[in-house]
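These are my notebook entries from a session of looking things up in one structure. I went from place to place and wrote down what I found.

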Amino acid sequence: MATSVLVSYATKYGSTKEAAEVIAESLRDAGLQVEIIPAHLVNKIEQYELIILGAPLIMFRWHNDAKRFLKRHKRTLQNKTLIIFALGPITTPYVEKEWLGARAQLDKELNKFPWLKPLEIKIFGGRFDLSKAGFFMKKFAGNIPPTDAMDIEAIRDWASSLKEKL
Ligand SMILES: Cc1cc2nc3c(=O)[nH]c(=O)nc-3n(C[C@H](O)[C@H](O)[C@H](O)COP(=O)(O)O)c2cc1C
């Protein structure tokens, strides 16, 4: 029987959904049986052997739907293999400080769940496009041009390496 995997995600502007889709596709290609469901719509996780949960960092916080997922499924998650990812850094080319900052923000958020023992925690580059943001964000952020630090190949490669780590 193929390993049964849930890829679950939260997103505000869509890039984490895209990353989750790349991960799901890559795991299917590796022969795993994968479902992909937004975090706020997941009712039951008992049937999965591996859970991959991803969400963006927004304003120093990990998306609330992901944190709610952890709270809601706490008991079952303690007996499952869990992998976590976050989208955050948006500057190109690569700025190390930004990536370390994103990881520190995520660690701070995950520390709120001391029972959590993920097999792996991963940061990916994200996308920033103010034209998708709401009125207040546009007013707050001014004229920041769109950036794209998403590396789809890196996401795919990471996902296809997971099977070996299980
Ligand atoms: C309003 C706003 C605030 C953000 N704040 C952070 C942050 O605090 N830390 C970080 O690493 N990335 C931050 N980012 C970058 C996002 O994580 C990145 O744009 C990500 O791709 C968004 O994911 P989504 O498209 O799934 O919503 C921010 C982006 C936006 C638009």
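**Entry 1: the ligand and its surroundings**

I began with the ligand, and I found that one of its oxygen atoms is 2.5 Å from an N or O atom in the side chain of Thr11. I keep in mind that this is a predicted model. Next I looked for backbone partners, and I noted that an oxygen atom of the ligand is 2.6 Å from a polar backbone atom of Tyr13, while an oxygen atom of the ligand is also 2.6 Å from a polar backbone atom of Phe60. I then looked up how much of the ligand is covered, and the protein takes up 91% of the 630 Å² of accessible area that the ligand has on its own.

How many residues surround the ligand? I found 20 residues around it, and the closest are Thr11, Ser15, Thr16, Phe60 and Arg127. The space that the ligand takes is the largest pocket. I also checked which elements give two or more residues to this shell, and they are helix H1 (15-29), E3, H4 and strand E7 (127-128). Of these, E3 gives the most, with three residues.

**Entry 2: the loop between E3 and E4**

Since Phe60 had come up beside the ligand, I looked up where it sits, and I found it in the loop between E3 and E4. Is Phe60 buried or exposed? With the protein chains alone as cover, its relative accessibility is 57%, and because the cut-off for exposed is over 50%, Phe60 counts as exposed. Met59 lies in this loop between E3 and E4 too, and I recorded it as partly exposed, at 47% relative accessibility.

I then checked the backbone angles, remembering that most residues other than glycine have a negative phi. Phi of Met59 is near 55°, which is a positive value, and phi of Phe60 is near 70°, again a positive value in a residue other than glycine.

**Entry 3: a cis peptide bond**

I went on to the peptide bonds, most of which are trans in general. A cis peptide bond joins Thr92 and Pro93, with omega at about -10°. I located Pro93 in the loop between E5 and H4.

**Entry 4: helix H2 and Lys67**

Which residues of helix H2 (residues 64-72) are buried? I listed Asp65, Ala66, Lys67, Phe69 and Leu70. What covers them includes strand E1 (4-9), strand E3 (50-58), strand E4 (61-62), helix H3 (74-77), strand E5 (81-87) and helix H4 (96-110).

I stopped at Lys67, which counts as buried because its relative accessibility is 9% and the cut-off for buried is under 20%. The side chain of Lys67 reaches the backbone oxygen of Trp62 at 3.4 Å. Leaving out residues up to four places away in sequence, I found that Lys67 touches Arg61, Trp62, Glu109, Lys112 and Phe113.

**Entry 5: Pro146**

My last stop was Pro146, which is found in the loop between helix H5 (135-141) and strand E8 (147-148). Pro146 is exposed, with a relative accessible area of 58%. Which residues does Pro146 touch, not counting residues up to four places away in sequence? I found Phe128 and Asp129. From C-alpha to C-alpha, Pro146 and Asp129 are 4.4 Å apart in space, although they are 17 residues apart in sequence.

Note on methods
Residues numbered from 1 in each chain as written. Predicted model: local features only at pLDDT ≥ 70, side-chain atom pairs only at ≥ 80, totals over all residues. Heavy atoms only, no water. Buried < 20%, exposed > 50% of the residue type's maximum accessible area, 1.4 Å probe, protein only. Helix = DSSP H or I, 4+ residues; strand = E, 2+ residues; numbered from the N terminus. Contact = heavy atoms within 4.5 Å. Near = heavy atom within 4 Å. Polar contact = N/O pair within 3.5 Å; in protein donor to acceptor, adjacent residues only side chain to side chain. Areas by Shrake-Rupley, 256 points an atom, 1.4 Å probe, with all protein chains shown as cover. 1 Å grid on protein atoms, 1.4 Å probe; cavity = no way out; pocket = protein on both sides within 12 Å on 5 of 7 lines; lining within 4 Å. Sits in = over half its atoms within 2 Å of the grid points.
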